[in-house]
Amino acid sequence: MRLLAAFNPPLEDWRGKTVWIVGASSGIGRATASALLARGACVAVSARNGEALEALAAEYRAAPGERARVQVLPLDVRDAAAVHSAHAQLAARGPVDLVLYCAGTYRSLRADAFDLDVMLAHQQINYVGALNVLAAVLPDAIARGSGHIALTASVAGFRGLPQSLAYGPTKAALTNLAEVLYADLHDRGIGISVIQPGFVATPLTAQNDFEMPALIAPAQAADAILKGWARGDFEIHFPKRFTGWMKLLRVLPYRLYFPAVRRFTGL
């Protein structure tokens, strides 16, 4: 029966819960913040774009005498000291129930145009930034024996894909990281989830010059994430009409995988 049990304690009632979303200025992070606020959560929002965060907070102004449900904590995830400072400000108000790492960068890149600066920028924002957040939040979560940490990876990290030279490896690293965190922390009472989006209409994917199959809106992505948390899922992937095929490619032997990718992408 344990094999059929939820991976994590289901998260369904958000009233009074505190959530920290790192990467909340646009796209999936912003949509998830809005969805949680609509369900009664208190949400701290972080990103480099402070103006975008303030605009989000302005949509949820507290009534006189009420506690503000949006806390704006601008930061650059590459700055470990800034991440720790933001977490300290948030933790001073009480325990953080869930942390969502959604910060990321993306630029299409192939090996014949290898750019070390682009590669390292992806590493620093997509992966090292997540490590900076973990370094800040894990001690409190472990001491309390509670809380939930969610990392946003991507189906682009399932296998090597053309044009994903800089992006894909960082997302594969996040998936592996989430798996290790789950193995280490599940028995300590800490929930871990990894989010695997397909194509979502965001400022990052807007640069793609190809038709994106099963493209969904950020609000649809946020809805899928909250449903996954409510089920207690470890892996939350969407939309399944696309991610299901990506999971199939994930298990193909290389002699079948490489020809299949070449056929479907034309690259």
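# Chatting through the strands and helices

Guide: Let's start with a pair of strands: E2 and strand E3 (residues 70-72) run parallel and are joined by 3 bridges. Keep in mind that this is a predicted model.

Visitor: OK, which residue in E3 is the bridge partner of Ala44?

Guide: That's Gln71.

Visitor: And what stands opposite Ala44 on the E1 side?

Guide: Trp20 does. Strand E1 (residues 18-22) is parallel to E2, and 5 bridges join the two.

Visitor: How does the chain get from E1 to E2?

Guide: It goes through helix H1 (residues 27-38). That makes a β-α-β crossover, and this one is right-handed.

Visitor: Which way do the residues of E2 point?

Guide: Cys42, Ala44 and Ser46 point one way, while Val43 and Val45 point the other way. That fits a general pattern: in a regular strand, side chains alternate between the two faces of the sheet.

Visitor: Are those residues buried or exposed?

Guide: Buried, on both sides. In fact 5 of the 5 residues of strand E2 (residues 42-46) are buried, so the strand is largely enclosed by the rest of the structure.

Visitor: Let's zoom out. How many strands are in the sheet, and what's their order?

Guide: There are 7 strands in an open sheet, in the order E3-E2-E1-E4-E5-E6-E7, and the pairing is parallel. E3 and E7 are the edge strands, each pairing on one side only. From one strand to the next, the twist averages 15°.

Visitor: What about the E7 end: how many bridges join E6 to E7?

Guide: 4 bridges, and the two strands run parallel. One facing pair is Ile195 and Ile236, with Ile236 sitting in E7.

Visitor: Which strands does H5 touch?

Guide: H5 packs on the sheet and touches E5 and E6. Its direction makes about 160° with that of E6. H7 packs on the sheet too, touching E6 and E7, and its direction makes about 115° with that of E7.

Visitor: Switching to helices that meet each other. At what angle do H3 and H4 pack?

Guide: About 35°, for helix H3 (residues 80-91) and helix H4 (residues 116-144), and their axes are 8 Å apart. The crossing is right-handed.

Visitor: Which residues meet there?

Guide: From H3 you have Ala80, Val83, His84, His87 and Ala91. On the H4 side they meet Asn132, Val133, Ala135, Ala136, Val137 and Asp140. By type, the contact residues come out as 7 nonpolar, 3 polar and 1 charged.

Visitor: New topic: loops. Where is Thr105?

Guide: Thr105 is in the loop between strand E4 (98-101) and H4.

Visitor: Why does Thr105 count as buried?

Guide: Because its relative accessible area is 19%, and the cut-off for buried is under 20%. Setting aside neighbours within four places in sequence, Thr105 is in contact with Ala121, His122, Ile125, Asn126, Tyr167 and Leu204.

Visitor: And where does Leu215 lie?

Guide: Leu215 is in the loop between strand E6 (191-197) and helix H6 (218-231). At 39% relative accessibility, Leu215 is partly exposed.

Visitor: What does Leu215 touch?

Guide: If you don't count residues up to four places away in sequence, Leu215 touches Phe199, Val200, Ala201 and Arg241. Take Phe199: it is 16 residues from Leu215 along the chain, yet their C-alpha atoms are separated by 4.9 Å.

Visitor: What's the phi of Ala214?

Guide: It's positive, about 55°, although Ala214 is not a glycine. Ala214 also lies in the loop between E6 and H6, and with a relative accessible area of 21% it is partly exposed.

Visitor: What is usual for phi, and for peptide bonds?

Guide: Most residues other than glycine have a negative phi, and most peptide bonds are trans.

Visitor: Then which non-glycine has a positive phi of about 75°?

Guide: Gln163 does. You'll find Gln163 in the loop between strand E5 (148-152) and helix H5 (167-185).

Visitor: Last one: which residues does a cis peptide bond join?

Guide: Phe238 and Pro239, with omega at about -15°. Pro239 has its place in the loop between strand E7 (235-238) and helix H7 (240-251).

Methods
Residues are numbered from 1 along each chain as its sequence is written. This is a predicted model: local features need pLDDT of at least 70, side-chain atom pairs count only at pLDDT 80 or more; totals for chains, interfaces and linings use all residues. Side-chain values use heavy atoms; hydrogens and water are left out. Axes are lines fitted to C-alpha atoms, for helices over the stretch in contact, and angles run from 0 to 180 degrees between N-to-C directions. A crossing is left-handed if the near helix is turned anticlockwise from the far one by less than a right angle, and right-handed if clockwise. Contact means heavy atoms within 4.5 Å. Ala, Val, Leu, Ile, Met, Phe, Trp, Tyr, Cys and Pro count as nonpolar, Asp, Glu, Lys and Arg as charged, and the others, Gly among them, as polar. Buried means under 20% relative accessible area, exposed over 50%, partly exposed in between (1.4 Å probe, protein chains only). Two strands pair if DSSP finds at least two bridges between them. A crossover is right-handed if, with the strands pointing away from the viewer, the path from the first strand over the helix to the second runs clockwise.
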